Amino acid sequence: GEKAMKSSSFHSAANYFLSAISFYGEDCEYTTLMKVYDLSLEPLFAIGEFSTVEIIIDKILSTAKCFEEQLNAYHHLIRVLAASGKYQETISKAIFVLEKLGENIPK
């Protein structure tokens, strides 16, 4: 999957990562599972598989042990929301992430 992404073959990369997720399931070692989930987001977003991206984001956010492991998922969630025209939700989620990172956002 990573090699396919480096060559901008996003369809192939997405298929490799989805195959890995399907093959390993959720019984996989935590670090490997989180890495595959995380790496799958970019190619899936690039090919417009927003519903699959959202499913994987939900899995990352419910499985991650700390906020740092959730950051890339939030990054892609914000991108999906913006691409879907959900601008108010995009702004709310971005403010949430910035506040979790310690930024003070005036209301």
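**Exercise 1. The nonpolar core**

Find which residues have the most contacts inside the largest nonpolar core, and which helices supply it.

Solution. A nonpolar core here is a set of buried Ala, Val, Leu, Ile, Met, Phe, Trp, Tyr and Cys residues joined through side-chain atoms within 4.5 Å. Buried means under 20% relative accessible area, exposed over 50%, and partly exposed in between, with a 1.4 Å probe and protein chains only. The model is a predicted one, in which local features need pLDDT of at least 70 and side-chain atom pairs count only at pLDDT 80 or more, while totals for chains, interfaces and linings use all residues. Residues are numbered from 1 along each chain as its sequence is written, and side-chain values use heavy atoms, with hydrogens and water left out.

Step 1: the largest nonpolar core has 25 residues, and Tyr 37, Leu 41, Val 53, Ile 56, Ile 57 and Ile 60 have the most contacts inside it.
Step 2: at least two residues of this core come from each of helix 2 (10-24), helix 3 (30-46), helix 4 (50-63) and helix 5.
Step 3: helix 3 gives the most, with seven residues.
Step 4: in soluble globular proteins, nonpolar side chains tend to be buried together.

**Exercise 2. Contacts of Ile 56, His 76 and Gln 70**

List what Ile 56 is in contact with, leaving aside neighbours within four places in sequence, then do the same for His 76 and Gln 70.

Solution. Contact means heavy atoms within 4.5 Å.

Step 1: the partners of Ile 56 are Leu 18, Ile 21, Tyr 37, Ser 40, Leu 41 and Leu 44.
Step 2: His 76 lies in helix 5 and is buried, at a relative accessible area of 2%. Its contacts beyond four places in sequence are Leu 41, Glu 42, Phe 45, Val 53 and Ile 57.
Step 3: Gln 70 is also placed in helix 5, which covers residues 67-83. Its relative accessible area is 13%, so Gln 70 counts as buried. Gln 70 touches Ile 60, Leu 61 and Ala 64, with residues up to four places away not counted.

**Exercise 3. The cysteines**

How many disulfides does the structure hold?

Solution. A disulfide is a covalent bond between the sulfur atoms of two cysteines; the criterion is a pair of cysteine sulfur atoms within 2.5 Å.

Step 1: the structure holds zero disulfides.
Step 2: for Cys 28, the nearest cysteine sulfur is that of Cys 66, 18 Å away.
Step 3: Cys 28 is buried at 16% relative accessibility, whereas Cys 66 is partly exposed at 32%.

**Exercise 4. The whole chain**

Describe the secondary structure of the protein chain, then compare its radius of gyration with that of a compact globule.

Solution. Helices (H or I, at least four residues) and strands (E, at least two) are DSSP runs, numbered from the N terminus.

Step 1: the protein chain has six helices and zero strands, in the order α-α-α-α-α-α.
Step 2: helix 6 (residues 87-100) has 14 residues and spans 20 Å from first to last C-alpha, close to the 20 Å expected at 1.5 Å a residue; the expected span is 1.5 Å times one less than the number of residues. Gly 102, with a positive phi near 95 degrees, follows helix 6.
Step 3: the radius of gyration is taken over C-alpha atoms, and the globule rule is 2.2 Å times the number of residues to the power 0.38. For 107 residues a compact globule would have a value near 13 Å, and the protein chain has 14 Å, which agrees.
Step 4: buried residues make up 30% of the 107 residues.
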